[in-house]
Amino acid sequence: MKKPIITKLITVIAAASMIITLSACGQGPAENGGRDVEPIPSSGVSETENSESEVDTNPGTSAEVTGAEVSVTEPSNASGSDSSSAGTDASNADGQTESQENGNNNASDPYEAFMSGSAKAKYRGTGDRTSYLETSVALQKGKSYTMDEIVEALENLNEYVPFKLSSEVRYFRIDCGSDGNEEMLVEAMFDPEYTLYMVIKEIDGELAICYTQDGWSRSDVVVHDDGTIDGSGSGGANVFITDKAFVNADGEYRFFYGCEETMSLFSEIYVMDGSDYKTFMPEGLGIDQEHTGIRDYYFEPDYEDRKHYYMYFIFDDTYADVTTDADYDDSNGLKQKFAEAGAKTYTQKEIDELLQKRAKEIGYPGSVN
C-alpha cells in the first residue's frame with residue numbers, strides 16, 4: 001500500500017493552541033536564556049540606524065541562539081556588507097571581546113576566513129535536513145564552497161521559486177557538545193520566507209558543513225549554543241509536529257526524536273508501519289473525541305524508515321492532561337482499535353522511559369522533555 005501524501009504545514013494555528021500542544025509533546029515555546037542575541041552592526045552603520053533596521057523582515061520564521069558568548073561578524077559576500085567589518089568583536093558576559101579571550105586578532109581563525117570570503121567549507125552531505133533550500137541538490141558532496149558560492153547555488157536552485165538572499169548573512173560562535181572547541185552557526189534569510197541554518201566545524205584542518213536545515217513561516221528551527229536543535233511546526237488544523245536533534249562535539253548530526261500530535265479526533269486516524277498504513281474512524285469507540293488526542297513518537301528522521309510509538313491522552317477544557325490508568329484498560333475502544341491495526345499503545349510513563357533510553361544511547365546533551 002502506498003504511503004499517504006502529507007501536506008507540508010499548510011494551516012494557520014491559533015497561537016494559544018500551538019503553545020499548549022507543543023508543550024505537551026515535549027517542545028514548548030523556545031527560550032533564549034532570558035536575553036536576545038543580536039548581530040553586531042556592520043561597519044559604517046550607526047547604532048540608531050541599526051536599531052531602526054532590526055524590524056523582522058521575516059516574522060513567520062524564527063531562530064534563536066542561546067548563551068552569553070557569541071561572536072557575530074558580517075562578511076564581504078553576497079550579503080553586500082562592507083569588508084571592513086570583518087574581525088569585529090562581540091563582548092561576552094564578562095565584558096571581554098572574543099579576540100581578547102583568544103589572545104589574537106583572529107588572523108589565523110578559519111571561521112573568520114570563511115566569513116571574509118577567503119576560505120571554503122566542504123559540503124559532506126551529512127546532517128542535511130533541508131526541505132525547500134535543498135543544499136543536497138544545490139551543492140555537490142565532497143566539494144568546498146565559499147558563502148558567496150552557497151548563496152549563488154541556492155538562488156539558482158529553482159527556476160519556479162526564485163530564492164533571493166534578503167539580508168546580511170549572520171554568524172554565531174557556538175560550542176557543540178560543550179567541549180570548549182568552537183563551531184560556527186550560519187544563518188541566511190532568503191525571500192520569500194525561508195531561512196537556512198548551517199553548522200560549520202574545523203575537522204582535520206579543513207572546514208566542514210556538518211548540518212543544514214531550513215525554516216519557514218510554519219516550521220521553526222532553534223539552534224542552541226550547545227549544538228542542540230529544536231524544531232516545531234504545523235501539519236494541519238489540529239496536528240502539531242516537534243523534533244529534537246543535535247550536532248555533537250565531533251561534528252556529527254544526531255536525530256533524537258520527533259513527535260506528531262493530533263488534538264481532538266474528528267477525522268480518519270492513520271496507523272503507520274513503515275511506508276504502509278491502516279486507518280480507522282474514531283466514531284463509535286465510546287471516547288470523548290473532542291477531548292482525546294494522539295501522539296506518534298519516532299526516532300528516525302526519514303519518513304520511510306520510522307518505527308512508530310503511539311500513545312493517546314485525555315485533556316480537559318483548559319487542555320490540561322487528565323489521563324488516568326483506567327483510560328488504558330484493555331476495554332478502552334481506542335486502545336482496541338490500535339491493537340486491531342497492529343499497533344501497541346504506550347502510556348506516558350513508557351514513552352518517557354523510551355526517550356530516556358534513546359537519549360543515553362546517542363549522548364543527547366539537552367533536556368529530554
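Two residues are said to be in contact when heavy atoms of each lie within 4.5 Å. By this criterion, in the predicted model described here, leucine 334 touches Leu265, Ile269, Phe280, Leu285, Ile287, Thr292 and Tyr312, with residues up to four places away in sequence not counted. Leu334 also belongs to the largest nonpolar core, which has 34 residues; together with Tyr297 and Phe338, Leu334 touches the most other members of that core. At least two residues of this core come from each of S10, S11, S12, S14, S15, H7 and H8. The greatest contribution is that of S15, which supplies five residues. Apart from this core lies another, of 29 residues, which includes Leu133, Leu154, Phe163 and Phe190.

Helix H7 spans residues 333–340, and within this helix Gly333, Leu334 and Phe338 are buried. These three residues lie on the same side of H7, because the arc they cover around the axis is only 140°. In general, an α-helix has 3.6 residues a turn, so residues three or four places apart point the same way. On the other side of H7, by contrast, Ala339 and Glu340 are exposed. The cover over the buried residues of H7 includes strands S12 (269–273), S13 (276–280), S14 (292–298) and S15 (309–314). At the start of the helix, the backbone nitrogen of leucine 334 has a side-chain oxygen of asparagine 332 within 2.9 Å. After H7 comes glycine 342, with a positive phi near 85°.

Two of the strands that cover H7, S14 and S15, also take part in an open sheet. This sheet is formed by six strands with antiparallel pairing, in the order S8-S9-S10-S11-S14-S15. Strand S8 (219–223) and strand S15 are the edge strands, each of which pairs on one side only. On average, neighbouring strands of the sheet are turned by 15° against each other, direction ignored. Within the sheet, strand S11 (residues 253–263) runs antiparallel to S14 and is joined to S14 by six bridges. One of the residues concerned is methionine 263, whose bridge partner in S14 is glycine 293. Helix H8, comprising residues 348–362, packs on the sheet and touches strand S10 (239–247), S11, S14 and S15. The direction of H8 makes about 165° with that of S11.

How values were computed:
Residues are numbered from 1 along each chain as its sequence is written. This is a predicted model: local features need pLDDT of at least 70, side-chain atom pairs count only at pLDDT 80 or more; totals for chains, interfaces and linings use all residues. Side-chain values use heavy atoms; hydrogens and water are left out. Buried means under 20% relative accessible area, exposed over 50%, partly exposed in between (1.4 Å probe, protein chains only). Helices (H or I, at least four residues) and strands (E, at least two) are DSSP runs, numbered from the N terminus. The arc is that of the directions from the helix axis to the C-beta atoms. A polar contact is a pair of N or O atoms within 3.5 Å; within protein, one must be able to donate a hydrogen and the other to accept it, and residues adjacent in sequence count only if both atoms are side-chain atoms. Two strands pair if DSSP finds at least two bridges between them. Axes are lines fitted to C-alpha atoms, for helices over the stretch in contact, and angles run from 0 to 180 degrees between N-to-C directions. A nonpolar core is a set of buried Ala, Val, Leu, Ile, Met, Phe, Trp, Tyr and Cys residues joined through side-chain atoms within 4.5 Å.
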